[in-house]
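Colleague: I'd like a close look at one part of this model, residue by residue where you can. Pick a strand with plenty going on around it, then tell me about a few other spots worth finding on screen.

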Amino acid sequence: MNKILILFAFSQIAFAQKTIVKTSLHFSGKIDKYPIEMTIEFIQGKDSVSGSYYYGKKKQNMPIFTKGIYKAGEIKLDETTYIATKTGNVPQKTGSFLLQLDSEYKLSGIWQNVKKDKKLNTTLSCLEDLSSFNPKNYSYKLNQYKGKAENTNGEPTDNFLISKLDIYNSKKEKVQTISGFNKAIYEKDATVELEDLNFDGLLDIKIPIYFPDRIKFDSGYLYFVYDKTKKQFIRNTKLETLESLHFDQKNKEFVKFEADGSGNETDYYYKWSNNNFYLIKKVQSFEDNDKTTYTEYEIKNNKSVKVKEYQK
């Protein structure tokens, strides 16, 4: 049995717990004639929202960060960009949105600059399909405990742990229990994050976890993909081996970023095919090389096959 499981089994103590539920929705549309991609994160039970957007179709474009209020179908967002100065990057408010969210999760309204002397029409469509699974109709409760887990010295130390997720419908009826894991988390209140992981338009679940026995790369996620036929979330342990991932709804790919802190960085890009995912590109930059190395792959016979490598 895994050491963390042994420690957990002998030292679990219940405590007052709260499950934070966050939903990331992605929108595509325009400010006036300019195409944008926007992400808004909603927190269940709260009216505060946050996110970012960027111009064009490439997520690598400079993001503009937003935060604001969602109330009675209306979203007010203030945007912030970072201006480079001699003392570092300084946040600066550059504009705001006033948007209406309709029953089909389309956003419409205006963007205006800080002086409020320039207003542009804004229209955005939600990339997720909320007709099959709408998170606002469900509630989520993680079973949380105080327990022991090994630290970087191999010694058992106090941690907050999770072992089970219960999902309830709007009638407070339990519709699914997900168990079979005992994992440490950073904070007392655990978090459930809803986001489309496999780009089928349906929201899935990811749960942030913590590896107390590591000095570097000490965070990751549990991933659960929603099966529309079974109307259940299915755990994807293969995704979990990649730990922390960033999902790009527009380009339908996800990325794992790695950096050693010394200027050596690698980005791994993956795509889904037939309910599995495959490496399609690797981008590497090294401290002692001013060129970036690109390696491209094709999916052949259920494998990632290298087809090209170049530098620029």
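Modeller: I'll start with one strand and its neighbours, then move on to rings and a few single residues.

First, the ground rules. This is a predicted model, where local features need pLDDT of at least 70 and side-chain atom pairs count only at pLDDT 80 or more, while totals for chains, interfaces and linings use all residues. Residues are numbered from 1 along each chain as its sequence is written, and side-chain values use heavy atoms, with hydrogens and water left out.

Let's go to strand β21, residues 276-285. Strands here are DSSP E runs of at least two residues, numbered from the N terminus (helices are H or I runs of at least four). β21 is mostly covered, with seven of its 10 residues buried. Buried means under 20% relative accessible area, exposed means over 50%, and partly exposed is in between (1.4 Å probe, protein chains only).

What does β21 pair with? On one hand there is β20 (residues 265-273), which runs antiparallel to β21 and is joined to it by nine bridges. Two strands count as paired once DSSP finds at least two bridges between them. You can find one end of this pairing at E265, which stands opposite S285 in β21. The two strands make a hairpin with two residues between them, and there N274 takes a positive phi near 50°.

The other partner is β22 (residues 292-300), again antiparallel to β21, with five bridges. This hairpin has six residues between its strands. Two bridge pairs to click on are Q284 with T293 of β22, and K281 with E296 of β22. As background, strands of a sheet pair through backbone hydrogen bonds, either parallel or antiparallel.

Zoom out and β21 belongs to an open sheet of six strands, in the order β18-β19-β20-β21-β22-β23, with antiparallel pairing. β18 (246-248) and β23 (303-311) are at the edges with a single partner strand each, so one side of each has no neighbour in the sheet. Neighbouring strands of this sheet are turned by 25° against each other on average, direction ignored; the axes are lines fitted to C-alpha atoms (for helices, over the stretch in contact), and angles run from 0 to 180 degrees between N-to-C directions.

Now have a look at F277. F277 belongs to one aromatic cluster together with F199, Y221, Y223, F247, F254, Y270 and W272. Rings of Phe, Tyr and Trp (its six-membered ring) pair if their centres lie within 6.5 Å; planes under 30 degrees apart are stacked, over 60 edge-to-face, and the rest tilted. The charged end of K238 also sits over the ring of F277, 4.7 Å from its centre. That label requires NZ of Lys or CZ of Arg within 6 Å of the ring centre and within 35 degrees of the ring normal. R214 does likewise over the face of F211, at 3.9 Å from the ring centre.

The whole structure has 20 aromatic pairs. One of them is F65 with Y82, edge-to-face at 6.0 Å centre to centre and 80° between the planes. F65 is in β5 (residues 64-71) and Y82 in β6 (residues 74-85), so this pair ties together parts that are 17 residues apart in sequence. F65 itself is partly exposed, at 40% relative accessibility.

Y82 turns up again beside β7. V90 of that strand touches Y82 along with T81, I83 and T85, leaving out residues up to four places away in sequence; contact means heavy atoms within 4.5 Å. At 36% relative accessibility, V90 is partly exposed.

K93 shares that strand, β7 (residues 88-101), and is partly exposed too, at 45%. Past its sequence neighbours up to four places away, K93 touches D78, E79, T80 and V114. With D78 there is a side-chain to side-chain polar contact at 3.4 Å, meaning a pair of N or O atoms within 3.5 Å; within protein, one must be able to donate a hydrogen and the other to accept it, and residues adjacent in sequence count only if both atoms are side-chain atoms.

Last stop is Q176, in β12 (residues 174-178). Q176 is buried, at 8% relative accessible area. A polar atom of its side chain lies 2.8 Å from the backbone oxygen of F233. Beyond neighbours within four places in sequence, Q176 is in contact with L165, D166, I167, Q232 and F233.
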